[in-house]
Amino acid sequence: MSGHTALVPEQNNNNSNQENKTSNMRVSEKKCSWASYMTNSPTLIVMIGLPARGKTYMSKKLTRYLNWIGVPTKVFNLGVYRREAVQSYKSYDFFRHDNKEAMKIRKQCALVALEDVKAYVTEDGGQIAVFDATNTTRERRDLILNFAKENAYKVFFVESVCDDPEVIAANILEVKVSSPDYPERNRECVMDDFLKRIECYKVTYQPLDPDNYDQDLSFIKVINVGQRFLVNRVRDYIQSKIVYYLMNIHVQPRTIYLCRHGESDFNLVGKIGGDSGLSPHGKQFAQALKKFIAEQEIVDLKVWTSQLKRTIQTAEFLGVPYEQWKILNELDAGVCEEMTYEEIETQYPDEFALRDQEKYLYRYPGGESYQDLVQRLEAVIMELERQGSVLVIAHQAVMRCLLAYFLDKSADELPYLKCPLHTIFKLTPVAYGCKVETITLNVEAVNTHRDKPSGNTNNLPKSQTPVRMRRNSFTPLASSDTIKRTRNYSVGSRPLNPVGSPLFPETLNGADQQKLQLQMGSACL
């Protein structure tokens with residue numbers, strides 16, 4: 001058994017040409033998904049709270065989630081702007097409300113950050129900006145509201161309230177000791193200075209008032225790290241998703257284990273999809289997995305599988321209860337199920353080329369895309385955030401989507417993440433990221449990974465462009481006699497007709513085409 005550990009931080013004519021540039025940026029770079037089109041104007045998420053209340057933790061986590069579901073989001077941390085303006089931090093005196101020079105600098109930093117928010121939305125195609133700062137006074141919040149009104153942005157406030165001294169102290173020691181504000185200082189000095197900084201903010205802190213002054217604002221109050229919530233005037237779909245997400249996350253220590261099923265019979269012959277059982281090596285891996293899990297001595301470990309045979313057989317070897325999730329099933333390859341890549345390239349060369357051009361957005365005829373899979377797996381992510389320690393036994397594409405969420409990977413990186421068979425990913429959430437350890441159980445298996453092809457577009461069909469993928473799959477057929485219905489396409493994204501393919505209506509004989517036309521005509525009545 002071998003392993004590797006890494007710490008992954010969370011990251012964060014002329015008019016016609018400009019429109020095309022913006023469109024391409026949003027589609028190809030940002031990979032906007034179904035969720036992004038539920039916003040009819042940019043949203044500014046404004047954090048509120050005293051220092052060491054988990055605002056940056058929530059900002060980074062929320063940003064990672066929104067980007068994962070396809071809504072371009074970025075954090076603007078005011079502390080970063082302040083450190084650029086004031087090269088060396090000396091003491092808590094900088095945060096005194098009667099330090100006029102410092103107050104002037106802090107306000108100027110806020111204005112600069114807001115201008116960067118505007119540039120992100122107007123020039124970079126951003127849809128949500130997270131303004132990560134204390135924002136503890138009504139004066140500061142009114143400044144932000146006026147800015148949002150001038151630019152037609154929606155505003156949603158997230159206030160973190162915590163009066164538990166143990167939680168505050170743990171946050172200071174875990175995060176603030178390593179802050180750039182405190183280079184080479186011991187813990188006692190950092191704790192003393194930071195507690196005095198908090199007292200400076202308390203003097204002028206004005207919490208959101210849901211009954212009077214702030215009753216018309218949209219916000220959520222997160223009280224004592226999720227023990228209670230107060231939600232006020234949620235106005236749109238994205239705000240409701242933000243609320244739902246924040247109500248599901250927690251900070252309790254836990255470990256998430258991700259692995260694929262043992263090697264399957266279809267893996268051996270290079271076929272994708274299907275529902276084959278484990279190969280002899282796959283069964284050997286399942287036995288090794290049982291030993292590994294036993295050695296970890298995990299309390300209250302939950303085990304989840306898909307409803308496909310190969311993950312269930314892997315879990316059966318563990319000898320523990322497990323839950324089957326249909327939404328953990330492998331990406332649906334549609335008409336290409338149970339085919340090898342060589343067979344797909346031969347029978348559907350245009351489809352094969354399209355998928356290589358834009359793997360995240362490409363949808364198999366009658367099947368799914370990675371973007372579809374992310375949407376399907378959102379419920380799994382929510383439940384993983386709610387749970388303690390979990391072992392998920394899944395599939396290659398599913399694992400890629402889950403890893404992309406936890407490791408903050410982009411839509412371009414997601415379809416090419418390496419998730420080898422017989423390897424366990426051990427994920428331990430930490431303050432602003434996720435510690436990743438890969439454990440290989442040294443059981444032989446085939447390599448199912450396909451590297452990202454070069455940027456050559458010569459094989460792309462002439463009637464297609466790499467950034468416009470089909471929007472709908474075929475209607476599933478009730479029987480072999482059912483007439484195949486046409487799919488709806490965006491302009492310029494009609495799929496090509498492989499020679500001799502029965503998949504497209506152009507290949508139907510005259511009688512079937514006439515029946516199809518009559519059926520389509522009656523459907524329009």
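A pocket, here, is an open set of grid points with protein on both sides within 12 Å along at least five of seven lines, and its lining residues have an atom within 4 Å of a point. Keep that in mind as you click around; the model on your screen is a predicted one.

**Stop 1: the second largest pocket.** Select Tyr57, Val225, His250, Val251 and Gln252, which lie nearest the centre of this pocket. The full lining runs to 32 residues, around a volume of about 840 Å³. Now colour the lining by residue type: 20 are nonpolar, eight polar and four charged. To see which elements contribute, show α2 (55-68), β5 (154-161), α6 (165-175) and β12 (423-430), each of which supplies at least two lining residues. The largest share, five residues, is from α6.

**Stop 2: follow β12 into its hairpin.** Stay on β12 and add β13 (residues 433-440). The two strands run antiparallel and are joined by eight bridges. Just two residues sit between them in the hairpin. For one pairing to look at, pick Phe425, whose bridge partner in β13 is Thr438.

**Stop 3: from α2 to α14.** Go back to α2 and select Lys61, then Glu385. Their side chains form a salt bridge, 3.1 Å from N to O. Glu385 belongs to helix α14 (residues 370-386) and Lys61 to helix α2, so this pair ties together parts 324 residues apart in sequence. Are these two buried or exposed? Both Glu385 and Lys61 are buried.

**Stop 4: the largest cavity.** Next, select Tyr341, Ile344, Glu351, Phe352, Arg355, Asp356, Tyr362, Tyr364 and Arg450, the residues that line the largest cavity. Two elements give two or more residues to this lining: α12 (341-347) and α13 (349-357). The largest share, four residues, comes from α13. The space inside is about 60 Å³, and the lining splits into five nonpolar, no polar and four charged residues.

Zoom in on two of those lining residues, Arg450 and Asp356. They form a salt bridge with the closest N and O atoms 3.5 Å apart. Arg450 is in the loop between β13 and α16 (510-524), while Asp356 is in helix α13, 94 residues away. Arg450 is partly exposed, at 24% relative accessible area.

**Stop 5: more salt bridges.** The model has 16 in total. Try Asp98 and Arg96, whose closest N and O atoms are 3.0 Å apart. Asp98 is partly exposed at 43% relative accessible area, and Arg96 is partly exposed at 36%.

How values were computed: Residues are numbered from 1 along each chain as its sequence is written. This is a predicted model: local features need pLDDT of at least 70, side-chain atom pairs count only at pLDDT 80 or more; totals for chains, interfaces and linings use all residues. Side-chain values use heavy atoms; hydrogens and water are left out. On a 1 Å grid over the protein atoms alone, a cavity is a set of points where a 1.4 Å probe fits but cannot get out, and a pocket is an open set with protein on both sides within 12 Å along at least five of seven lines; lining residues have an atom within 4 Å of a point. Grid points are joined across faces, edges and corners, and a volume is the space filled by probe spheres set on the points. Ala, Val, Leu, Ile, Met, Phe, Trp, Tyr, Cys and Pro count as nonpolar, Asp, Glu, Lys and Arg as charged, and the others, Gly among them, as polar. Two strands pair if DSSP finds at least two bridges between them. A salt bridge is a side-chain nitrogen of Lys or Arg within 4 Å of a carboxyl oxygen of Asp or Glu. Buried means under 20% relative accessible area, exposed over 50%, partly exposed in between (1.4 Å probe, protein chains only).
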